[in-house]
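Open the model in your viewer and keep the selection tool handy. We will walk through a sheet, two enclosed spaces and some paired strands.

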Amino acid sequence: MRVDRNRLLTTTIIAGVAAAVGLPTAAMAQDTPPPQQPPAAATPDKPASEVQEVVITGSRIHRNEFNSPDPIQVIRSEDAKLRGVADTTQLLQSSTIASGSPQVNAVISTAFVTNGGPGAQTISLRGLGANRTVFLLNGRRAGAAGTRGGVSSFDLNVLPESVIDRVEILKDGASSVYGSDAVAGVVNIITKTKMDGAQFDAFASQPFQTGGEQYRASAAWGKTWGRGGYFTVNVDYFKQNEQTNGQRDYTNCPRQYVFNPTTHARSDVVDPRTGQIQCRNLIYDDIWIYDGNDFSGRSGKLQFDYSGQLAGLAPKNLPGYPTSPAGFFIVGDTSTPNGLGLEDTNSPFDKTTTLSPALSTTSVFVQGGYDLGDHIQAYSEVLLSRRTSASHGYRQFWTYLYTEDGANFGWNNDPFSAGFKGNYFLSPTPVTNKNDANQKVNFARAVLGLKGDAPGIGFLKGWTWDTFVQYSRSEGYYGQDVILDDAVKASDGRGDFGSFGLFNANSIPRPTASCVGYTTPISHRPCVDVSWVSPDFLAGKYTAAEAAFLFDYEIGKTTYQQTTWEGSATGDLFNLPAGPVGAAVGFHVQQDSINDVPGKDTLASNVWGQTAAGITKGSENTKEAFGELSIPLIRDMPFIYRLDTNLSGRETTVDGHGSNFTYKVGVNWAITPEYRLRGTYGTSFRAPALFESFLANQTSFLGQRSIDPCINWGAALAANQIPQRVANNCAAQGVPAVYSGAGSSATIFTGGGPNLRSETSKAYTFGAIWTPKAIDLNVAVDYFNIQVNNEITTLGPNNIVFACLNSVSFPSDPLCSLFSRNASHLITVVHDNYVNIATQEDRGVDLTVRYRHDLPWDSRLTIDTQATWTFENSTLLFPSSAKVENNGTIGSPDFTALANLRVDHGPWTAFWSVDWIGRASALSFAGSDTNSAGTQLYKIRTEPTAYHSLSLRRDFKTWSLLVGVRNIFDERPPSLTTINVGGQYNTIGTSVLASQYDYIGRRAFMNITKRF
């Protein structure tokens, strides 16, 4: 269902005003008692919401959530269950503080290289990155988990949703309270505790189409006894079936999705063999052609006629092309009538490529405590988890050959390119589905602590204290299919054209075309003569001997360990006329270590087209001391019902990165019991993550086609594959319009930054809260502004090149200094190490509302809404660069909202939920939504989108049944022009590929709970 955003804004504002008469309103972010529990009774001088004192995220001082100066958002697992959410990732990433920015979920980590490896799922607040969000489990840090060298964040797969009671999210910087990394905020998972008896829970989600099914089963048992003793154990199993590109019609065919600007009729490339719009993905069975004298490329390719339909549609011979054996025709030449329409661009392998991986988790969570005396309790937590995930993919690979009669190159009568004649190079580009990946992550976390209160000793009376030791260990194993680089070099019979130079005949010094009798130098395999230009090989159909020779499977291992010792004490120091002064003091000591050992082929730099990596190993020690004061300033004055301030500070020392002092000031002004203003200002600090400092130097070789948009830029511009600005700047660099890119690959240098500076940030918030006495309504509006300085990141080699060429400040943009071209226009080197960029700034407004109202017939209505408007999400790479504004771009909508409507009537609960995703556009990056000639219109905007969910629950004496439907209207992801105009977004099929959108579609779900 499409939603008009202006109408949504209007109705959201009206909702808060109309709540008193029972109209739908928005929802509260603060934690209040569940609807089935009556609120605490009010007293003459205290509203109901202020009676009960609780401990919440944002401070170590005991306080009520409504007298906190910090903006807090609370998410209840019960509401998530009613929405049909079965895992922790969906629970967190659907909150508006996360849904307005790119997140790493299983779809994204499978499609792209992300920290934590494939299958990992993390949470990033405000779009500032998972590294800048502190993740707590019951108020204590949880260690990182994942695979590969980029592990640094908590993997949400580790923690089952079934153990969660609620999530408290602190929505501003909090390094002075929670330490390094709390730049964007804090996520605190509060688990269920102190149950008596047993409970079994089973969940199933069944899409109306095959793929993406989810199942979960959990069992819990707990007991409480005298002296504060409690023990709870939870065992959980979760499984998600693989979903492939071919299982949805909006992901299985990447049409161009372009339009006539006048009639708005589709003007995509049409395949004349079918008369239908062509699916344009990887070109998968063609032979690219390069001139034998100047290496200039041809727009056309040689393609075998697998279907028997090319004859009469494609030319057999054209000037400037080699002659070819029977069955091969020239396709894709822009001068021919059918042009691009005859290219094979949608391999059958694409249909079986993983969109969302097969994923399963098994976990055991145990927690308990026991009073050792009247003033001390011992407690412990143990979390054990195993995650397995698997994905399937396909890819191109290629080499360079001479034609059969390449006498100019010293070859005659070459049997491996028989029938191809003329003074040309051939670059056969087959595809392979040997591109699978598998992961297994074992995670263990143990906490042992003591807590208690001080007996009546002077000013320490009433103080509480807590000290604990936490240890976590993640062991991740990652396997992947690889193409052996030395096998590719040996199998073409002529040395390596692709990696070290076009005429590098020294890599395999052999006098004959056949490589039989030769043993590869790294993989030590007997060489096999590969039929690179045979139709079967081009289509990805290999003989057993060819497959055994070219491909391998390797396994790497990542170990990440974290040990923490922390202690704190909190209580009242003395009394002022306005109330007691609260204080908290403490220390935090932490050690992190990583050891990532890639697979044997990667370590040996023997993986074709992928990164060669060394061992990433390092450790880091952090020592911190902190303090906090809560000072009541004024009480019961005109227009000052209460005025409090909160001060906190922390000194942090990190090995190799020095010391830093962070602080935070908060003010909480209750004008009356109904109206309150609050504000905070603070600084934060983040030392480089282990992988950012210690990532082993990686050298990779990327083909020119993978990184250089200037290859055949004239044809690419005509085909709407690059924007006009890129074409102009390619020409300004002297690159010819027909430049082929033939020659050696570019060398990519990537690694940790030993001289990285620590990040610093400042954040401030200002909010207003309305809690009227006449109705059960809570409304909070908070403005936020976070600025990160010296932000640490990598940019990506293709992004560096593209962003330079698409920059309005080309060629003076600093990005242009990170890569080099030689006299032949080849990109020779790209430097992509971790670097400090200048700043990132994020600001906007959060609205949170909760309304509850008693209805006739002993029923109760509860409406919760949270909404976020982002005003700015900008990045300044270097002080001399132009600021890049990401707010409102695709993947970063400027508005998101989540609304829940719930009606309870006796044992029945009805629930309706709506997720809103605002509009977004790539226009700021593309510069125009038409091609340079104005003959084609691009769709580079996503419209507002809403996902609706409905459920009904019936509670019985010892069990309950919940049934519902998610995405009731089967809303699809928005469609976009797949040419990726401006280089700002990604697509799958014709759909945008971004973390905010649902790719499963409508599905029914059911949950059964049995209590014993």
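Before the first stop, one term: two strands count as paired here if DSSP finds at least two bridges between them. Keep in mind, too, that this is a predicted model.

**Stop 1: an open sheet.** Select the five strands that make up an open sheet, in the order S15-S14-S13-S21-S20, with antiparallel pairing. Colour strand S15 (328–331) and strand S20 (401–402) separately: these are the edge strands, and each pairs on one side only. Now go to residues 286–291, strand S13, and residues 297–304, strand S14; four bridges hold this antiparallel pair. Show Trp288 as sticks and look across to S14, where Lys301 stands opposite.

**Stop 2: the largest cavity.** Searching the whole structure gives 14 cavities of 30 Å³ or more. The largest contains about 740 Å³ of space. Which residues should you select to find its centre? Try Gln90, Ser995, Tyr997, Asp998 and Arg1003, the closest to the centre among the 39 residues of the lining. Several elements each supply at least two lining residues, including helix H3 (88–93), helix H5 (106–111), strand S6 (197–207), strand S8 (229–240) and strand S47 (945–955). Colour the lining by class and you should get 15 nonpolar, 18 polar and six charged residues.

**Stop 3: the second largest cavity.** Here the space comes to about 480 Å³. Centre the view on Arg141, Ser152, Asp181, Gln562 and Gln590, which are the closest to the middle of this cavity out of 29 lining residues. Then display strand S2 (133–137), strand S25 (551–576), strand S26 (579–597) and strand S27 (616–637), each of which gives at least two residues to the lining. How does this lining divide by class? There are 13 nonpolar, ten polar and six charged residues.

**Stop 4: around strand S51.** Return to S6, one of the elements that line the largest cavity. Select strand S51 (residues 1003–1011) with S6: the two run antiparallel and are joined by nine bridges. Ala202 is a good place to zoom in, with Ile1008 of S51 opposite. Next add strand S48 (residues 959–966), which also pairs with S51 in the antiparallel sense, over eight bridges. To finish, pick Trp959 and find its bridge partner in S51, Lys1010. If you switch on hydrogen bonds in the viewer, remember that strands of a sheet pair through those of the backbone.

Key. Residues are numbered from 1 along each chain as its sequence is written. This is a predicted model: local features need pLDDT of at least 70, side-chain atom pairs count only at pLDDT 80 or more; totals for chains, interfaces and linings use all residues. Side-chain values use heavy atoms; hydrogens and water are left out. On a 1 Å grid over the protein atoms alone, a cavity is a set of points where a 1.4 Å probe fits but cannot get out, and a pocket is an open set with protein on both sides within 12 Å along at least five of seven lines; lining residues have an atom within 4 Å of a point. Grid points are joined across faces, edges and corners, and a volume is the space filled by probe spheres set on the points. Ala, Val, Leu, Ile, Met, Phe, Trp, Tyr, Cys and Pro count as nonpolar, Asp, Glu, Lys and Arg as charged, and the others, Gly among them, as polar.
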